Amino acid sequence: MTDALTPDRPSLPGGVPTLALDDVVVLFAGDSGDGMQLTGSQFTLATAHARNDLATLPDFPAEIRAPAGTLYGVSGFQLHFGSAAVLTPGDEVDLLVAMNPAALKVNLARVRPGGAVLVNTNSFTARDLSLAGYDVNPLEDGTLDGYERHDVELTRLTHEALSETGLSKQEMDRAKNMFALGLSLWMYTRPIEPARAWIRTKFAKVPEIRDANLRALDTGYHYGDISESFVARYEVAPADLPAGTYRAIKGNEALALGLVAAGVKSGLDVFYGTYPITPASDLLHALAKYKAYGVKTFQAEDEIAAIGSAIGASFGGALGVTATSGPGMALKGEFLGLATMVELPLVVIDVQRAGPSTGMPTKTEQSDLLMALYGRNGDAPTPVIAPKTPGECFLAAFHAARIALQYMTPVVVLSDGYLGNGSEPWLLPDVDALPDIPVAFAEVGTAAVTDEGAFLPYVRDEDTLARGWATPGTAGLEHRIGGLEKDARTGGVSYDPENHQRMTETRAEKVARIADAFPDVEVEGDAEGDVLVVGWGSTYGSIKKAVQGAQARGLRVGHAHLRWLNPLPPGLGDALGRFRHVLVPELNGGQLVHVLRDRFLVDAQGLSKVQGLPFSALEVEASIVELAASPTDSD
């Protein structure tokens with residue numbers, strides 16, 4: 001990373017010793033109004049400046065504002081950082097910062113034995129305990145025995161620090177997360193200046209709030225020196241990352257940048273039509289910042305209007321994009337079929353969440369795969385791509401746009417809430433190294449025409465089977481589009497049985513040919529052996545770490561992670577056949593596993609999880625070990 005700051009050392013002479021750790025998992029938890037997402041984001045920023053590798057897991061409550069103090073209102077932000085490669089947000093928590101009893105109750109089981117628990121003791125009143133479902137105060141009944149416990153009066157100490165500011169009690173309460181942030185930065189020798197700079201910028205127009213937050217932050221930072229509760233502070237050395245310029249990036253931010261890059265490389269304006277829905281809404285906020293790069297954003301009145309506007313933009317010669325999540329994807333199904341029929345470039349981003357219906361809006365899941373593959377009436381094959389990390393969302397969006405434009409087809413990008421809201425250090429790509437995306441609009445004189453000179457919009461490129469793209473208003477290239485079946489050359493309405501057979505097969509063949517440019521599927525780890533773990537999307541880090549653990553046990557395990565889910569990459573069938581067992585971990589009831597069984601007639605075994613949380617590496621590793629020990633018909 002560049003421009004990193006040196007972590008601050010103890011500010012008082014004779015401070016506690018600093019101990020070195022390889023990696024740390026921190027979890028901030030409290031009410032949705034306690035600012036835990038902000039606290040976690042600022043701790044993440046400081047960790048990026050400290051040059052550590054990292055992975056985050058924001059965990060929002062589903063309610064917009066659940067009753068304060070209740071279990072359903074707990075908001076959490078988990079961060080795993082280390083001096084070596086960090087693949088997951090962490091299986092077990094080293095430090096839990098619990099702002100109230102509900103946060104403690106919801107998250108204590110995630111803390112490793114002997115881990116640290118820092119509690120805001122001022123919030124453990126009788127009323128708070130009752131709201132959290134505690135009959136007895138967990139600070140007094142031995143619940144925290146076996147943990148490194150830090151009782152801190154966060155609320156009182158914050159009020160004392162701000163007592164002369166003139167702020168109201170409620171305003172002072174809002175600053176206690178900054179006290180907690182400062183103390184946590186001190187505990188792990190994180191640089192404090194990035195948080196100070198953020199506060200100065202954020203509250204530049206409200207100096208009294210700015211100064212109060214700065215005072216709370218600094219007071220919390222120095223509290224560790226003057227308190228006798230801490231016997232040590234900790235430091236994690238910088239990670240040995242490839243040279244270059246890095247930034248911490250969320251998946252939704254990376255998707256936006258990938259679309260902007262595709263617009264630049266294709267020379268087209270990007271039109272983004274959307275309807276706000278969690279967890280895809282941040283895409284609109286991100287893309288709205290790039291008007292200077294030809295990005296136009298439009299908030300439609302509903303999901304159907306959003307995708308319709310994007311199709312219209314593509315018809316007009318722009319790169320049409322829309323995004324949604326969960327039930328919004330179902331609403332877009334009809335128009336996604338229309339885009340398949342009229343064969344216009346379109347990128348549809350689905351930031352998946354737990355379903356069905358409204359489901360759990362803020363919780364992650366991978367349950368839209370079969371809908372992306374088959375969720376339209378008729379035979380409507382659609383390319384589907386899935387990023388595996390927040391940073392790779394950039395390439396997924398870029399290549400989805402490239403394929404959409406090259407093959408004149410809609411493309412679905414399957415992200416999810418974990419990727420969209422999670423963050424990691426991202427090495428800024430060499431923009432010049434990104435491939436250009438050639439776009440050739442049909443022109444008079446070169447476009448296919450009849451003997452009478454009428455434009456033939458469905459005459460295709462011999463290699464890609466893409467039809468010609470003529471923008472409306474081009475004299476001599478007037479043509480008709482719509483949802484009715486098209487004549488294979490003229491594009492006119494056709495009810496001819498043989499023409500429909502031909503067009504259906506051609507649309508399928510066009511999608512299948514996309515795989516001609518794919519390399520053979522990559523298998524990490526062992527090339528053959530006991531178990532091949534096949535994954536897609538956000539399960540990558542958990543699977544990779546689990547495979548490493550299984551190999552350390554002496555098992556021969558490989559890992560194939562699919563970026564393209566339709567069409568599937570070449571060589572996948574051969575790879576499946578080189579292992580005794582195939583395991584498919586998914587955050588759904590088992591969807592890719594059905595595709596693999598159907599396509600390759602392989603006895604793949606699914607590992608399903610639908611709890612609104614990603615896999616832990618230990619969960620996947622245990623399944624690998626169990627499956628490897630089981631016999632097969634050929635044993």
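Is T189 buried or exposed? I looked this up before anything else: T189 is buried, with a relative accessible area of 0%. My cut-offs here are under 20% relative accessible area for buried, over 50% for exposed and partly exposed in between, with a 1.4 Å probe and protein chains only.

**Ground rules**

I am working with a predicted model, where local features need pLDDT of at least 70, side-chain atom pairs count only at pLDDT 80 or more, and totals for chains, interfaces and linings use all residues. I number residues from 1 along each chain as its sequence is written, and side-chain values use heavy atoms, with hydrogens and water left out.

**The whole chain**

I found 21 helices and 22 strands in the protein chain. Both are DSSP runs numbered from the N terminus: H or I of at least four residues for helices, E of at least two for strands. The radius of gyration is 27 Å, close to the 26 Å from the globule rule for 635 residues, so the protein chain is as compact as a globular protein of that length. That radius is taken over C-alpha atoms, and the rule is 2.2 Å times the number of residues to the power 0.38.

Next I checked the box: the C-alpha atoms fill roughly 90 × 70 × 45 Å along the principal axes. Of the 635 residues, 56% count as buried. The protein chain exposes about 26200 Å², with 51% of it supplied by carbon and sulfur atoms; accessible areas come from the Shrake-Rupley method with a 1.4 Å probe, and for residues only the protein chains shown count as cover.

I also looked at contacts, meaning heavy atoms within 4.5 Å. Among those in the protein chain with a separation of 6 or more, 77% are between residues 24 or more positions apart.

**Helices α9 and α15**

How do the axes of α9 and α15 cross, and at what angle? Helix α9 covers residues 251–266 and helix α15 residues 393–407; their axes come within 7 Å and cross at roughly 40°. The axes are lines fitted to C-alpha atoms, for helices over the stretch in contact, and angles run from 0 to 180 degrees between N-to-C directions. The crossing of α9 past α15 is right-handed, a term for the near helix being turned clockwise from the far one by less than a right angle, with anticlockwise giving left-handed.

On the α9 side I listed G251, A254, L255, L257, G258, L259, A261, A262, K265 and S266, which meet C393, F394, A397, F398, A401 and L405 of α15. By class, this contact has 12 nonpolar, three polar and one charged residues. Here Ala, Val, Leu, Ile, Met, Phe, Trp, Tyr, Cys and Pro are nonpolar, Asp, Glu, Lys and Arg charged, and the others, Gly among them, polar.

**Backbone notes**

Back to T189, in the loop between α6 (176–187) and α7 (193–202). Its phi is near 45°, a positive value in a residue other than glycine.

S357 also went into my notes for a positive phi, near 55°, again in a residue other than glycine. S357 sits in the loop between β13 (346–352) and α14 (369–374) and is exposed, at 58% relative accessible area.

Where are the cis peptide bonds I noted? One joins T278 and P279, with omega about 0°; P279 is in the loop between β10 (270–274) and α10 (281–287). Another runs from N566 to P567, with omega near -5°, and P567 is in the loop between β20 (564–566) and α19.

**Single residues**

P327 lies in helix α12 (residues 327–331) and is partly exposed at 27% relative accessibility. Leaving out residues up to four places away in sequence, P327 touches I277, R353 and S357, so I met S357 again here.

A232, in the loop between α8 (207–226) and β8 (233–236), is buried at 9%. The C-alpha atoms of A232 and T18 are separated by 5.8 Å, with their positions 214 residues apart along the chain. Beyond residues up to four places away in sequence, A232 touches V16, P17 and L19.

Y72 is in the loop between β3 (53–59) and β4 (74–82) and is exposed at 65%. Its contacts, with the same residues up to four places away set aside, are P61, E63 and A66.

Last, I looked up D574 in helix α19 (residues 572–577), which is exposed at 58% relative accessibility. D574 and D520 are 54 residues apart along the chain, with their C-alpha atoms separated by 9.9 Å.
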